[in-house]
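Dear colleague,

Please find below the structure for your consideration. The findings follow directly after it, arranged by topic.

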Amino acid sequence: MTRQERALIVERILHKQYPRPPIPLNHHDNFSFLIAVLLSAQCTDERVNTVTPELFKTAATPKAMSKLKREKIYQIIKPCGLGPKKSKAIKNLSKILVNKFNSKVPSNFDDLESLPGVGHKTASVIMSQAFGEPAFPVDTHIHRLAQRWGLSSGKNVVQTEKDLKKLFHPKKWNALHLQFIFWGREFCQARDCFGLKCKICKKTFPLRKKSFKHKRP
Ligand code: SF4
């Protein structure tokens with residue numbers, strides 16, 4: 001079976017399982033979404049969702065956030081981990097939004113990736129889910145699934161993103177990113193399966209007999 005044929009199987013099964021995948025991070029505008037995505041680095045979406053109501057009650061706009069003391073931001077977001085780094089990034093990013101972008105979240109990769117705490121993956125999530133632009137954010141979880149499903153043999157997330165973009169139509173990227181995430185959370189977590197158990201692997205690798213170990217990024 002070719003990689004493209006496997007991609008078609010994956011797409012069909014994911015679409016059937018999650019026809020309209022919701023955005024898992026609670027937010028009320030592009031600014032709150034950007035902050036929530038930044039907080040979600042190495043943290044679960046559930047935990048981010050427990051922290052953001054208080055953060056945005058304290059400061060709902062870039063201007064209000066930029067005026068908060070870093071220590072205040074830190075105290076609120078501490079449960080998300082990486083508190084010193086994330087609180088500094090949130091304060092500095094808010095200042096830059098006010099001074100350089102008229103308090104708006106920019107809608108292009110270069111400007112987004114110029115913001116503190118915003119790497120390519122975070123920028124891709126914003127472009128995709130806030131602005132509806134085709135993007136395929138790849139983190140270690142999506143990398144793992146792409147490996148297990150034989151959609152990429154890339155050693156890192158950069159190569160995996162390139163491979164996935166070649167296999168799927170750009171119109172499908174935004175939904176597929178979320179569908180991969182939901183499948184990963186529900187069925188295909190980091191340690192407890194080696195490619196023999198459920199329908200995607202059974203259909204994409206019907207002859208697989210031995211446990212499959214993916215390349216870690
Ligand atoms: S069989 Fe295992 S590796 Fe394959 S999709 Fe299911 S949970 Fe993931």
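**Helix α8 and its surroundings**

The buried residues of α8 pack against three helices, namely α2, α7 and α11 (170-186). Please bear in mind throughout that this is a predicted model. Helix α8 itself spans residues 120-130 and is mostly covered, with eight of its eleven residues buried. The buried positions in α8 are Thr 122, Ala 123, Ser 124, Val 125, Ile 126, Met 127, Ser 128 and Gln 129. Just after α8 comes Gly 132, which takes a positive phi of about 70°.

Gly 132 also enters into a distance that may be of use to you. Between Lys 67 and Gly 132 the C-alpha to C-alpha distance is 30 Å, and the two are 65 residues apart in sequence. Lys 67 is located in helix α4 (residues 62-67). Because Lys 67 has 14 C-beta neighbours inside 10 Å, it counts as partly exposed.

**Division into domains**

The chain is divided into two parts: domain 1 (3-21 + 136-204) and domain 2 (30-130). Taken over C-alpha atoms, the centres of domain 1 and domain 2 are separated by 27 Å. The contact between them involves seven residues of domain 1 and five residues of domain 2. On the side of domain 1 that touches domain 2, there are four nonpolar residues, two polar residues and one charged residue.

**Packing of α2 with α3**

Helix α2 (residues 30-39) packs with helix α3 (residues 45-58) at an angle of about 135°, and their axes are 10 Å apart. How are α2 and α3 oriented to each other? The angle lies outside the ranges for roughly parallel, roughly perpendicular and roughly antiparallel, the last of which requires over 145 degrees, and α2 and α3 are therefore oblique to each other. Their crossing is right-handed. On the α2 side, the contact is made by Ser 32, Ala 36 and Leu 39, and on the α3 side by Val 48, Val 51, Thr 52 and Phe 56. By class, the residues of the contact of α2 with α3 comprise five nonpolar, two polar and no charged.

**Packing of α2 with α6**

Helix α2 also meets helix α6 (residues 83-100): their axes come within 10 Å and cross at roughly 160°. That angle makes α2 roughly antiparallel to α6, since the cut-off for this class is over 145 degrees. The crossing in which α2 passes α6 is right-handed. Ile 35, Leu 38 and Leu 39 of α2 make the contact with Lys 86, Ala 89 and Ile 90 of α6. The contact of α2 with α6 has five nonpolar residues, no polar residues and one charged residue. Leu 39 thus appears in the contact with α3 and again in the contact with α6.

**Packing of α5 with α6**

Helix α5 (residues 70-77) packs with α6 at an angle of about 125°, with 9 Å between their axes. That angle makes α5 oblique to α6. The crossing of α5 and α6 is right-handed. From α5, the residues that take part are Arg 70, Ile 73, Tyr 74 and Ile 77; they meet Gly 83, Pro 84, Lys 86, Ser 87, Lys 88, Ile 90 and Lys 91 in α6. By class, the contact of α5 with α6 has five nonpolar, two polar and four charged residues. Lys 86 and Ile 90 of α6 are found both in the contact with α2 and in the contact with α5.

**Positive phi outside glycine**

Two further backbone positions deserve a remark. Gln 42 has a positive phi of about 55° although it is not a glycine. Where is Gln 42 placed? Gln 42 is in the loop between α2 and α3. With 11 C-beta neighbours inside 10 Å, Gln 42 counts as exposed, because the limit for that class is 12 or fewer.

Ser 103, likewise a residue other than glycine, has a positive phi near 65°. Ser 103 lies in the loop between α6 and α7 (109-113). Is Ser 103 buried, exposed or partly exposed? With 14 C-beta neighbours inside 10 Å, Ser 103 counts as partly exposed.

With kind regards

How values were computed
Residues numbered from 1 in each chain as written. Predicted model: local features only at pLDDT ≥ 70, side-chain atom pairs only at ≥ 80, totals over all residues. Domains from an automatic or database assignment. Contact = placed C-beta atoms within 7 Å. Nonpolar A, V, L, I, M, F, W, Y, C, P; charged D, E, K, R; others polar. Axes fitted to C-alpha atoms, helices over the stretch in contact; angles between N-to-C directions. Helix = DSSP H or I, 4+ residues; strand = E, 2+ residues; numbered from the N terminus. Parallel < 35°, antiparallel > 145°, perpendicular 65-115°, else oblique. Left-handed = near helix turned anticlockwise from the far one by under 90°. Buried ≥ 20, exposed ≤ 12 C-beta atoms within 10 Å, placed from the backbone.
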